[in-house]
Amino acid sequence: MNKKAGPMFYVFLTVFVFLVMFPFLWVLASSIKPVAELFGDRAFIPFTDNMTLENYESVFVNYPFLKYLWNSLVVSTITTVYAVLVASFAAYAIARLNFKGKTVILGLVLSVSMFPQIATISPIYIVLKNLGLTNSYLGLIIPYTTFTLPLSIWLLVTFFRKIPFDLEEAAKMDGASPMQTYWRVILPLAIPGIFTTAILVFISAWNEFLFALTINTDDEFKTVPVGIAMFEGQFTIPWGEVTAATVIVTVPLVIMVLLFQRRIVSGLTSGAVKE
């Protein structure tokens, strides 16, 4: 029997949405205020008559922000493609093939993903320094796989297990090799899961801060999170520029999630129900 939601449900839902959106709305309001109105009595007024886009102009004029955006885009995209491609093969083998040690492998993958970044940054930096890979795109792509690859494998194993084994057996009966079965049968059916995994990996790489701060110290290779952190001046913090840059960085991710929210939800829930 279906029950209609009462008025209290919508009240709590409205309050919940407001609490979730409040930090972003506050940052958005601060980004279009003049500096004089960021503090004092007028700081609590969301929108005023003196709204301006000077903070957004300053971000691109006074800082190499376009370069930061490009660096983040390059590193995040390559990391996503590499991690998802490798993870798809590994997840297929773990989910669909019979061999000893699958549980041990999954346990190792999980244990690697549990290591805090601060515990691994020193040895990773030393290795990259000796290889001459600091201040480069590859110097970030390599360590980024340490946390994106385990995440990708764990997610994709669930999606591959969801696909009926009868389809694979039918492909074998038709003479398809394991690789042909993977490319022509399994992979197309796992597209929603792969798409979801790619989005989550991209967001993780886009927002990463510690590795980017430590490994790439040259402005030429800094990513967006580090670039925004470096906005701080000698005596003051330009909060207007910081909030404007935050909005610029966040909006594309929000738009991407809104556009593909159905694929994300279907991908995340495809392995949750056993048919």
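**Exercise 1. Classify Val-11 as buried, partly exposed or exposed, and place the residue in its surroundings.**

Solution. Step 1: in this predicted model, the relative accessibility of Val-11 is 43%. Step 2: buried means under 20% and exposed means over 50%, with partly exposed in between. Val-11 therefore counts as partly exposed. Step 3: Val-11 is part of helix H1, which covers residues 7-31. Step 4: a nonpolar patch on the surface includes Val-11 together with Met-8, Phe-12, Val-15, Phe-18, Leu-19, Phe-22 and Trp-26. Together, the residues of this patch have about 810 Å² of accessible area.

**Exercise 2. Determine how many salt bridges a search of the whole structure finds, and explain which parts the pair Lys-67 and Glu-220 ties together.**

Solution. Step 1: the search yields 2 salt bridges. Step 2: in one of them, Lys-67 pairs with Glu-220, and the closest N and O atoms are 3.3 Å apart. Step 3: Lys-67 belongs to helix H3 (residues 65-96), whereas Glu-220 sits in the loop between helix H10 (210-215) and helix H11 (224-229), so the pair links parts that are 153 residues apart in sequence. Step 4: Lys-67 has 26% relative accessibility and so counts as partly exposed. Glu-220, with a relative accessible area of 41%, is also partly exposed.

**Exercise 3. State which residue forms a salt bridge with Lys-222, and decide whether Lys-222 is buried or exposed.**

Solution. Step 1: the partner of Lys-222 is Asp-219, with the closest N and O atoms 2.9 Å apart. Step 2: the relative accessible area of Lys-222 is 10%, so this residue is buried. Step 3: Asp-219 has a relative accessible area of 39% and is therefore partly exposed.

**Exercise 4. Describe the chain over residues 181-206 and residues 242-260, two of the spans annotated as "transmembrane region".**

Solution. Step 1: the annotation comes from an unreviewed UniProt entry, and the spans it covers include 7-29, 181-206 and 242-260. Step 2: residues 181-206 are 96% helix and 0% strand, with 33 Å between the end C-alpha atoms. Step 3: residues 242-260 are 95% helix and 0% strand, and their end C-alpha atoms lie 28 Å apart.

**Exercise 5. Identify which element has the lowest mean pLDDT and which has the highest.**

Solution. Step 1: for the protein, the mean pLDDT is 82, and 89% of the residues reach 70 or more. Step 2: among the elements, helix H13 (residues 261-269) has the lowest mean, 62, while H10 has the highest, 92. Step 3: over residues 271-275, pLDDT stays under 50, and the model has 4 contacts beyond four places in sequence for this stretch.

Technical notes. Residues numbered from 1 in each chain as written. Predicted model: local features only at pLDDT ≥ 70, side-chain atom pairs only at ≥ 80, totals over all residues. Heavy atoms only, no water. Patch = residues over 30% accessible without salt bridge, like charges linked within 9 Å, V, L, I, M, F, W, Y side chains within 5 Å. Areas by Shrake-Rupley, 256 points an atom, 1.4 Å probe, with all protein chains shown as cover. Salt bridge = Lys/Arg side-chain N within 4 Å of Asp/Glu carboxyl O. Helix = DSSP H or I, 4+ residues; strand = E, 2+ residues; numbered from the N terminus. Buried < 20%, exposed > 50% of the residue type's maximum accessible area, 1.4 Å probe, protein only. UniProt positions renumbered as here; feature names shortened; annotations may be inferred. pLDDT = per-residue confidence, 0-100. Contact = heavy atoms within 4.5 Å.
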